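Biologist: Could you take me through this model and show how each label is earned?
Modeller: Happy to; let us put it on screen.

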Amino acid sequence: MLISGPAYLAPQVLNWITGSIYGTNWKYIEVLWPWVVVFIPLSFLFAKELNVQSLGEATAIGLGSRLHRSRMVLLFYSVALAGAAVGVAGMISFIGLLAPHMARRIVGNSYKLLIPLSAVLGAVILLLADLAGRMLFQPLDIPAGVFTAGVGAPFFMYLLFKRRSLG
């Protein structure tokens, strides 16, 4: 698209590749809203199921969980929500991985609290990254994805070394 597409679209494509919410407006919210209204409440219906699955596969099956079915449904919900978000904001790296780890440190493993707090933390991280991209290097606008990668990569290195030292 960058090479073969029209030259005036190149900055938009580059912005989407790095991930940014610069230039978004209410039209994008209108596109995203139906996905959120449908799939977020449906994901809350599976909060208890996720708590059971976090106990382990054998325990979950022993407790009556329809493990494979619920995993497929949750995978579908996750892909639908992530696809809608990426379609609007681009590939903003690490937010979907960073926010749940931070939320788990705050509220523990209860998915009834973990899902909404992850969403709120993800939004806060995105807003702070976008604010940093617009304010720190003025007059340049750095895409939010650059800052989320800059924070996300060291955070995951920390998690990796912490887990390695425990095991």
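Modeller: Keep in mind that this is a predicted model. A good place to start is the largest nonpolar core, which has 26 residues; Tyr-111 and Leu-126 touch the most other members. At least two residues of this core come from each of helix H3 (47-53), H5, helix H6 (95-107), helix H7 (111-135) and helix H8 (144-166). H7 gives the most, with eight residues.

Biologist: What makes residues such as Tyr-111 and Leu-126 members of a nonpolar core?
Modeller: The label asks for buried residues of nonpolar types, joined through side-chain atoms within 4.5 Å. Tyr-111 and Leu-126 belong to the core, so they meet that rule.

Biologist: Which residues does Leu-126 contact, beyond its neighbours within four places in sequence?
Modeller: Leu-126 is in contact with Ile-21, Ile-92, Ile-95 and Ala-144.

Biologist: What is the overall picture of the protein chain?
Modeller: The chain has eight helices and zero strands. Its C-alpha atoms fill a box of roughly 60 × 40 × 30 Å along the principal axes. Buried residues make up 28% of the 167 residues. About 11,100 Å² is exposed, and carbon and sulfur atoms supply 72% of that area. Among contacts between residues at least 6 apart in sequence, 62% join residues at least 24 apart.

Biologist: How do you know that the span of helix H5 agrees with its number of residues?
Modeller: H5 covers residues 67-89, which is 23 residues. At 1.5 Å a residue the helix should span 33 Å, and its end C-alpha atoms are 32 Å apart, so the two values agree.

Biologist: Which residues of H5 are buried?
Modeller: They are Leu-67, Ser-70, Leu-74, Tyr-77, Ala-80, Ala-84, Val-88 and Ala-89. Just after H5, Gly-90 takes a positive phi of about 90°.

Biologist: Why is the pair Arg-71 and Glu-57 called a salt bridge?
Modeller: The cut-off is 4 Å between a side-chain nitrogen of Lys or Arg and a carboxyl oxygen of Asp or Glu. The closest N and O atoms of Arg-71 and Glu-57 are 3.6 Å apart, so the pair qualifies. Arg-71 lies in helix H5 and Glu-57 in helix H4 (residues 57-62), so the bridge ties together parts that are 14 residues apart in sequence.

Biologist: Why are Arg-71 and Glu-57 called partly exposed?
Modeller: That class runs between 20% and 50% relative accessible area. Arg-71 has 35%, so it counts as partly exposed. Glu-57 has 44%, so the same label applies to Glu-57.

Biologist: How many salt bridges are there by this rule?
Modeller: The count comes to two. Arg-134 also forms one, with Asp-130, and the closest N and O atoms are 2.9 Å apart. Both residues lie in helix H7, four residues apart, about one turn of the helix.

Biologist: Is Asp-130 buried or exposed, and what makes you say that?
Modeller: Buried means under 20%, and Asp-130 is at 9%, so Asp-130 counts as buried. Arg-134 has 29%, so Arg-134 is partly exposed.

Biologist: Why is Ser-65 called buried?
Modeller: Ser-65 has a relative accessible area of 10%, which is under 20%, so the label fits. Ser-65 is found in the loop between H4 and H5. Leaving aside neighbours within four places in sequence, Ser-65 is in contact with Glu-49, Val-52, Gln-53, Ala-60 and Ser-70.

Biologist: And on the surface, which residues form a nonpolar patch?
Modeller: Trp-26, Ile-29, Trp-33, Val-36, Val-37 and Val-38 do, with about 630 Å² of accessible area together.

Biologist: What makes Trp-33 exposed and Val-36 partly exposed?
Modeller: Exposed means over 50%, and Trp-33 has 55%, so Trp-33 counts as exposed. Val-36 has 31%, so Val-36 is partly exposed. Helix H2 (residues 26-44) is the place of Val-36, and Trp-33 lies in helix H2 too. Beyond residues up to four places away in sequence, Val-36 touches Pro-41 and Leu-81.

Biologist: Where is Pro-139?
Modeller: Pro-139 is in the loop between H7 and H8. The peptide bond from Gln-138 to Pro-139 is cis, with omega near 10°.

Notes. Residues numbered from 1 in each chain as written. Predicted model: local features only at pLDDT ≥ 70, side-chain atom pairs only at ≥ 80, totals over all residues. Heavy atoms only, no water. Buried < 20%, exposed > 50% of the residue type's maximum accessible area, 1.4 Å probe, protein only. Contact = heavy atoms within 4.5 Å. Patch = residues over 30% accessible without salt bridge, like charges linked within 9 Å, V, L, I, M, F, W, Y side chains within 5 Å. Areas by Shrake-Rupley, 256 points an atom, 1.4 Å probe, with all protein chains shown as cover. Expected span 1.5 Å × (residues − 1).
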